[in-house]
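Work through the exercises below with the structure open beside you. Try each task before reading its solution.

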Amino acid sequence: MLNLKVKNKFSSVIELMKLRMVSQILITALVGYYFGLIGDMDTRVLLALLLGTGFLAAAAFAYNQGIEKFVDAKMKRTQNRPVPTERVGRIEALIYGTVWTLSGTVILWIYANPLTAWLGLATVALYAAVYTPMKRYSSLNTLVGAIPGAIPPLMGWVAARGSIGMGGMMLFAILFFWQMPHFLALALMYKQDYSNGGFKMLSVTDPTGQACFNHIILNTIALLLASMLPFFLGYAGIWYGMTAVIMGLLFLWAGIRLYRSQSVAAARSLFFFSLAYLPILLIAIALNRELTTA
């Protein structure tokens, strides 16, 4: 019986960490590191980047779930999470978040560099202390939430270079603009759920959905332009440039289809395309990078 309880608790803590989302974040950090790498790879720095970033990402999710326990319980999409079901206590989740924050920050500070650690700490602070409570008060939360989501590839670049450079900022811009249509599509798909939870998502504050449709078009255009910068500025080659154009136009077409039909099905289609878009673009930029000291 004791072993079963321990096993169930371990499983619940792993669920609290949201390892699937953590793995996606680590991929962006890894690409950022490789994109910024000059010379031989430092295995110790790379492992520290992945471990430290992983801890910090898990911490942000733990804080989010601890803070939103009662809100999550009202929404079908989140009501079975560990905290609302009390498989993990609210205070317990916040303690895990604190331990993981300290662990990730120390690892990055000692084995990568202090700037990477500061960026990671800022990511947790923005996500947990700004974005999470802001969801209940302003539809600008998606815009703010896109910032911590775009920092991990910049952390990878800084771990490789020791400073914030143009290449790191381009990766930040790509992730920032990608998140806007990605999460706005999600907000349209779960409009009623967010309303039940009391979240001021753009799909809730504007019941017509027109604001969401407009912002999705604008941000997919911005994403297309941002994704072309590595090619035009000499950070990536022609094959990446072609991939960025093709994938960007397909993303824009999905946005236009949603704008025209204004249906949940089109929002779902755009959301799932966004999931395919990002890894394809990141693989392309990693495989076709051009070494630069800028």
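The model is predicted.

**Exercise 1. Classify the two partners of a salt bridge.**
Decide whether R81 is buried or exposed, then do the same for D72.

Solution.
- Step 1. The relative accessibility of R81 is 16%. Buried means under 20%, so R81 counts as buried.
- Step 2. D72 has a relative accessible area of 0%, so this residue is buried too.
- Step 3. The side chains of D72 and R81 meet in a salt bridge, with 3.4 Å from N to O. The cut-off for such a pair is 4 Å.

**Exercise 2. Compare a second pair.**
Find the salt bridge made by K69 and state where each partner lies.

Solution.
- Step 1. The side chain of K69 meets that of E86 at 3.2 Å, N to O.
- Step 2. K69 belongs to helix 4, whereas E86 sits in the loop between helix 4 and helix 5; they are 17 residues apart.
- Step 3. K69 has a relative accessible area of 13%, which makes this residue buried. For E86 the value is 58%, and E86 is exposed.

**Exercise 3. Trace a link between two loops.**
Which side chain does K135 meet in a salt bridge?

Solution.
- Step 1. The partner is E68, at 2.9 Å from N to O.
- Step 2. K135 is in the loop between helix 6 and helix 7, and E68 is in the loop between helix 3 and helix 4 (69–72); the pair is 67 residues apart and links distant parts of the chain.
- Step 3. Both K135 and E68 are buried.
- Step 4. The count of salt bridges in the model comes to 5.

**Exercise 4. Describe helix 7.**
Give its length, its bend and its surroundings.

Solution.
- Step 1. Helix 7 covers residues 141–161, 21 residues, and reaches 31 Å from its first C-alpha to its last, close to the 30 Å expected.
- Step 2. A kink of about 35 degrees is centred on P152.
- Step 3. Of the 21 residues in helix 7, 16 are buried, so the helix is largely enclosed by the rest of the structure.
- Step 4. After helix 7 comes G162, with a positive phi near 85 degrees.

**Exercise 5. Locate a nonpolar surface patch.**
Which helix supplies the largest share of the nonpolar patch?

Solution.
- Step 1. The patch of about 780 Å² includes V106, W109, W118 and I164.
- Step 2. Helix 5 (90–111) and helix 6 (114–134) each supply at least two of its residues.
- Step 3. The largest share, 4 residues, comes from helix 5.
- Step 4. W109 lies in helix 5 and is partly exposed, at 42% relative accessible area.

Terms used:
Residues numbered from 1 in each chain as written. Predicted model: local features only at pLDDT ≥ 70, side-chain atom pairs only at ≥ 80, totals over all residues. Heavy atoms only, no water. Patch = residues over 30% accessible without salt bridge, like charges linked within 9 Å, V, L, I, M, F, W, Y side chains within 5 Å. Areas by Shrake-Rupley, 256 points an atom, 1.4 Å probe, with all protein chains shown as cover. Buried < 20%, exposed > 50% of the residue type's maximum accessible area, 1.4 Å probe, protein only. Expected span 1.5 Å × (residues − 1). Bend = angle between axes of the 7 residues up to and from the residue.
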